[in-house]
Amino acid sequence: MTFAATVLTLYPEMFPGPLSLSLAGRAREEGKWALQTVQIRDFAIDKHKTVDDTPAGGGAGMVLRVDVLGAAIDHARTLNPDAPVIAMTPRGKPLSQARVRELAAGPGVIVLCGRFEGFDERIFEGRQVEEVSVGDIVLSGGEPAAIMLLDACIRLLPGVMGAASSGTEESFENGLLEYPHYTRPAEWEGRTIPEVLRSGDHAKIAAWRKLQSEIDTRSRRPDLWERHEDARVQPASGARREKKD
């Protein structure tokens with residue numbers, strides 16, 4: 001089964017962009033995933049091809065029209081009927097590696113890229129659109145975020161990464177940040193590779209890497225560490241253990 005990506009955008013020329021290079025580009029040439037773009041403006045209903053309008057209640061900027069978006073999504077679903085529709089928006093749920101794995105295991109994804117002040121809110125319920133954010137930042141449009149989402153999915157497709165284990169010890173795969181890496185030269189500007197990594201003792205190396213992942217996660221991403229610790233103390237039944245005062 002080929003992973004099919006359909007991107008709804010006002011700027012289809014932005015695709016495949018970086019996805020034509022490296023792992024993603026090679027995988028597309030090999031038929032491991034497919035890409036098609038849909039020009040949202042093609043579904044405008046007036047002669048000027050208008051896709052936006054002023055916000056109800058007043059305010060700055062323009063908002064993408066719900067009728068135009070609805071027609072564009074309906075068309076995309078005829079091309080990729082089993083794929084979920086995801087809108088890239090800073091108001092969405094933060095994208096997680098777990099969600100990326102779910103998407104990569106499916107038939108593909110329809111990605112809706114916003115512009116201006118965003119989407120008419122009615123489109124999310126009216127077309128069962130999932131809102132996703134790639135971070136607490138605001139971009140000029142959803143296209144760069146869509147490229148991030150697709151790249152994260154594509155690299156997990158079977159046969160895309162050279163080594164089957166390449167993706168299993170990375171940040172977020174086990175709820176922790178990845179351990180630090182080193183390579184030659186053994187010494188650089190007075191800084192040396194940790195001795196344990198040169199010991200050849202695989203058990204000690206594994207223990208060191210696990211410890212470094214925990215240390216870095218605790219110091220850099222306390223939110224991840226808290227979730228990791230909370231998950232570890234859950235009893236086998238899945239019920240939450242009462243915390244003592």
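The paragraphs below lead through a predicted model of a single chain, from its overall build to a handful of individual residues.

The chain holds 245 residues, and 38% of them count as buried. Its secondary structure consists of seven helices and nine strands, and its C-alpha atoms fill a box of roughly 70 × 55 × 40 Å along the principal axes. When contacts between residues at least 6 apart in sequence are considered, 74% of them join residues at least 24 apart, and several of the residues discussed further on can be read with that figure in mind. The accessible surface of the chain comes to about 14800 Å², and carbon and sulfur atoms account for 52% of that area. As for charge, the chain carries 31 positive and 36 negative charges, and the mean positions of the two sets are 3 Å apart.

A convenient place to enter the fold is strand S1, which covers residues 3-9 and contains Thr6. Is Thr6 buried or exposed? Its relative accessibility is 0%, and because buried means under 20%, Thr6 counts as buried. Once the neighbours within four places in sequence are set aside, Thr6 is in contact with Gln36, Val38, Ala76, Asn80, Val109, Ile110 and Val111. With one of these residues, Gln36, the contact is also polar, since the side chains of Thr6 and Gln36 are joined at 3.4 Å. Leu112 gives a further sense of how the sequence folds back on itself here: Thr6 and Leu112 are 106 residues apart in sequence, yet their C-alpha atoms are 8.6 Å apart in space.

Strand S2, made up of residues 33-39, includes Gln39, whose side chain has polar partners in the backbone. A polar atom of the Gln39 side chain lies 3.4 Å from the backbone oxygen of Leu10, and a polar atom of that side chain also lies 3.0 Å from the backbone nitrogen of Arg41. Apart from neighbours within four places in sequence, Gln39 is in contact with Thr9, Leu10 and Pro12, so that Leu10 appears both among these contacts and as the backbone partner at 3.4 Å.

Following the chain onward from S1 leads to the loop between that strand and helix H1 (22-29), where Pro16 has its place. The peptide bond from Phe15 to Pro16 is cis, with omega near 5°. A cis peptide bond also joins Arg184 and Pro185, again with omega about 5°, and Pro185 is placed in the loop between helix H5 (143-154) and strand S8 (187-188).

Two further loop residues stand out for their backbone angles. Phe116 is not a glycine, but its phi is positive, at about 60°; this residue lies in the loop between strand S6 (108-113) and helix H4 (122-126), and with 44% relative accessibility it counts as partly exposed. Glu189, likewise a residue other than glycine, has a positive phi near 50° and is found in the loop between S8 and strand S9 (191-192). At 61% relative accessibility, Glu189 counts as exposed, because the cut-off for that class is over 50%.

Aromatic rings come next. How many aromatic pairs does a search of the whole structure find? The search finds one. It is formed by Phe119 and Phe124, whose ring centres are 5.8 Å apart and whose planes meet at 80°, so the pair is edge-to-face. Phe119 and Phe124 are both buried.

The last stop is helix H7, which spans residues 222-232 and contains His228. Glu226 is found in helix H7 as well, but the two residues fall into opposite classes of accessibility: His228 counts as buried at 14%, whereas Glu226 is exposed, with a relative accessible area of 56%. Leaving aside neighbours within four places in sequence, His228 is in contact with Asn174, Gly175 and Leu176. Gly175 can also serve as a reference point for Glu226, for the C-alpha atoms of Glu226 and Gly175 are separated by 10.0 Å, while the two residues are 51 apart along the chain.

Methods:
Residues are numbered from 1 along each chain as its sequence is written. Side-chain values use heavy atoms; hydrogens and water are left out. Helices (H or I, at least four residues) and strands (E, at least two) are DSSP runs, numbered from the N terminus. Buried means under 20% relative accessible area, exposed over 50%, partly exposed in between (1.4 Å probe, protein chains only). Contact means heavy atoms within 4.5 Å. Accessible areas come from the Shrake-Rupley method with a 1.4 Å probe; for residues, only the protein chains shown count as cover. Lys and Arg count as positive and Asp and Glu as negative; His and the chain ends are not counted. The place of a charge is taken as NZ of Lys, CZ of Arg, CG of Asp or CD of Glu. A polar contact is a pair of N or O atoms within 3.5 Å; within protein, one must be able to donate a hydrogen and the other to accept it, and residues adjacent in sequence count only if both atoms are side-chain atoms. Rings of Phe, Tyr and Trp (its six-membered ring) pair if their centres lie within 6.5 Å; planes under 30 degrees apart count as stacked, over 60 as edge-to-face and the rest as tilted.
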